[in-house]
Amino acid sequence: MDISKLVNFGVLTSFKDVFKENEDASFYLDSDFNYIDALLLSLMSFDEKEKDNVWMWSKMFFLSNVEALHHINNTKPFNRRGRLIAWKFLLANFNLSQNDNFDFDTRFLKIYKTLLAVNDRKNDSLNVEHEFINGFIFNYRDNYLSQCYRASLIFLEKIDHNVAERFYNSFGITLKDYCKVLHCVIVYYKNNFTMKCVPKVIVSNVFLDINKVCNFYHIDKAILDKVMDVISFDVEDGVAFSKENIQDDYAFSLFRDKPFIKMYDGCYLPVDGKLVEDLMFNNLFYKIKDLYCDGDVAFLNHFGEVFESYIQGITISEAMNSIINKYIVIPEFSYKYKKNILKSPDILIYNEKEKSLIVIEIKSSKYLGGVIESNNNIESIDASLEKIAIKPWEQAVKSLGRLREVKASEYVNDAEKVIFVAVSMNDFPMLWNKFEIKGEEGVNLTNAFFSMGMEAYENLVELLSLDVGFSLYQILIAYNGVKDKMSMKTYLARLKKKNMRNANPFREKVKYSTINTFF
């Protein structure tokens with residue numbers, strides 16, 4: 001892997017290269033932190049654009065230091081995992097009684113130094129391949145409105161009422177109220193919680209009063225309080241968790257499940273913007289899954305069916321918008337093979353013009369927890385690849401062969417070129433090592449196989465909706481030319497941006513579904 005070719009990749013700013021031997025980096029990891037420090041770190045962590053503001057601030061601060069400025073210009077001040085690690089040091093050394101007068105540059109510089117000190121911490125146990133993969137996973141941020149759309153269709157419309165009932169019995173709020181209130185809270189923070197909101201003197205205004213959400217969106221305060229109880233932890237719990245896990249750079253379970261810190265009544269600080277947005281769908285899946293006993297596969301089987309239905313639904317509806325390329329979308333169907341009744345792949349997409357066939361297998365699978373809870377567990381990566389890519393590919397290939405053998409579909413037998421796509425809940429954005437898929441007589445078939453998470457697939461579907469001049473087959477095959485440089489999601493997002501037009505049926509559907517569901 002030549003990392004110099006990668007897009008969205010950079011080197012982190014080093015404490016040692018900025019401050020030389022003048023200061024000890026470890027001092028900033030063990031010093032006392034207070035509410036103001038937590039506020040500043042929270043502001044840096046909510047919107048990824050704040051990284052640019054921190055970078056610009058550091059350039060101005062070190063304007064007269066030519067050597068430090070050169071290093072800053074060619075590096076990035078922090079990444080998401082570094083911020084989460086900084087949160088643990090901050091909470092582990094949190095001083096409830098400390099209340100220094102607020103001086104922006106002094107407190108900002110302290111948090112900046114803390115983040116750079118985190119960058120310089122050594123980890124001798126890491127595996128390079130695993131660390132590379134984790135770097136992309138931790139910096140991946142799912143589209144928030146897409147999560148709202150999924151939550152609306154999957155958890156609020158298609159999910160079995162028994163699931164919703166179990167959720168209510170456990171948390172005392174309905175799924176509908178949880179999603180609605182959560183969305184209002186997130187929108188409120190997006191509109192009000194930025195670096196631009198930081199006053200130089202009066203800090204209290206920045207500690208947002210969450211109760212204002214009730215008045216603005218006409219929400220019952222009792223329901224708001226219940227939702228915030230589900231998604232927040234108090235300072236004491238944060239201190240205990242951080243002290244216990246201070247040496248584990250991959251232990252963030254408390255932050256993932258409850259990404260808000262309750263500073264005092266009505267005032268909450270987000271730990272991380274991505275984790276807050278993930279509450280709408282990605283984390284909600286786990287909240288519901290955890291309501292079932294280990295080994296209880298009823299929910300997982302049901303969710304798998306609903307997830308498959310969602311992917312099929314958006315594929316069929318957006319393929320209808322394509323005029324330049326005429327597609328025939330065939331959802332899963334049953335057919336007779338010898339003495340057995342078998343099922344076809346989950347989706348077949350046939351293009352009559354170019355006689356191409358896209359064979360899609362859908363799995364409501366995710367990479368294993370061991371992937372993001374360690375940086376030296378290649379077994380978890382291999383097992384995850386097997387689950388979200390290799391087995392679905394094998395299933396699709398075998399199924400296509402049987403379909404052709406019994407001539408169950410004219411489109412399958414007429415197809416002159418075929419590619420296979422595995423769609424799962426999430427996927428590895430990038431892999432360190434290349435792998436090959438070989439067919440008969442050693443023919444390399446790797447370029448005919450693709451895997452992607454649901455957001456990348458939603459981007460692919462959006463290209464269907466935009467009716468760009470390229471066919472789906474051409475779009476996917478072209479990715480082979482850039483897959484060493486960028487993820488599938490980045491590639492599709494860039495292609496979408498280049499072909500954007502005024503009418504975007506899928507994105508409009510996502511936007512209006514969110515408005516209609518939550519307001």
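This is a short tour of salt bridges, one helix and a couple of cysteines in a predicted model.

**Stop one: Arg83 and Asp272.** The structure has 23 salt bridges to pick from. Start by selecting Arg83 and Asp272, whose side chains meet in a salt bridge at 3.1 Å, N to O. You'll be looking at distant parts of the chain, 189 residues apart: Arg83 belongs to helix H6 (residues 80–92), while Asp272 sits in the loop between strand S3 (267–270) and helix H16 (273–278). Switch on a surface and both ends count as buried, Arg83 with a relative accessible area of 1% and Asp272 at 0%.

**Stop two: Glu277 and Arg141.** Now move into helix H16 and pick Glu277, then add Arg141 from the loop between helix H8 (128–139) and helix H9 (144–158); these two are 136 residues apart. They form a salt bridge, with the closest N and O atoms 3.2 Å apart. Glu277 and Arg141 are both buried.

**Stop three: Lys509 and Glu318.** Select helix H25 (residues 505–518) and helix H18 (residues 298–319) for a link between Lys509 and Glu318, 191 residues apart in the chain. The side chains come to 2.8 Å, N to O, in this salt bridge. Is each partner buried or partly exposed? Lys509 is partly exposed, with a relative accessible area of 33%, whereas Glu318 is buried at 1%.

Before leaving the charges, show Glu48, Arg80, Arg83, Arg141, Lys190, Asp272 and Glu277 together: salt bridges with shared partners join them into one network.

**Stop four: Lys489 and helix H24.** Keep Arg141 on screen and add Lys489, which lies in helix H24. The Lys489 side chain reaches the backbone oxygen of Arg141 at 2.8 Å. Beyond its neighbours within four places in sequence, Lys489 also touches Tyr140, Glu455, Ala456 and Asn459, among its contacts.

Next, colour all of H24 (residues 488–498). Its buried residues include Met488, Lys489, Tyr491, Leu492 and Leu495. What do the buried residues of H24 pack against? Show strand S10 (449–453), helix H22 (454–466) and helix H23 (472–479), and you have the answer.

**Last stop: the cysteines.** Don't go hunting for disulfides, as the structure holds zero. Select Cys184 and the nearest cysteine sulfur turns out to be that of Cys214, 9.7 Å away. Cys184 is buried, with a relative accessible area of 0%. Finish on Cys293, which is exposed at 61% relative accessibility.

How values were computed
Residues numbered from 1 in each chain as written. Predicted model: local features only at pLDDT ≥ 70, side-chain atom pairs only at ≥ 80, totals over all residues. Heavy atoms only, no water. Buried < 20%, exposed > 50% of the residue type's maximum accessible area, 1.4 Å probe, protein only. Helix = DSSP H or I, 4+ residues; strand = E, 2+ residues; numbered from the N terminus. Contact = heavy atoms within 4.5 Å. Disulfide = S-S within 2.5 Å. Polar contact = N/O pair within 3.5 Å; in protein donor to acceptor, adjacent residues only side chain to side chain. Salt bridge = Lys/Arg side-chain N within 4 Å of Asp/Glu carboxyl O.
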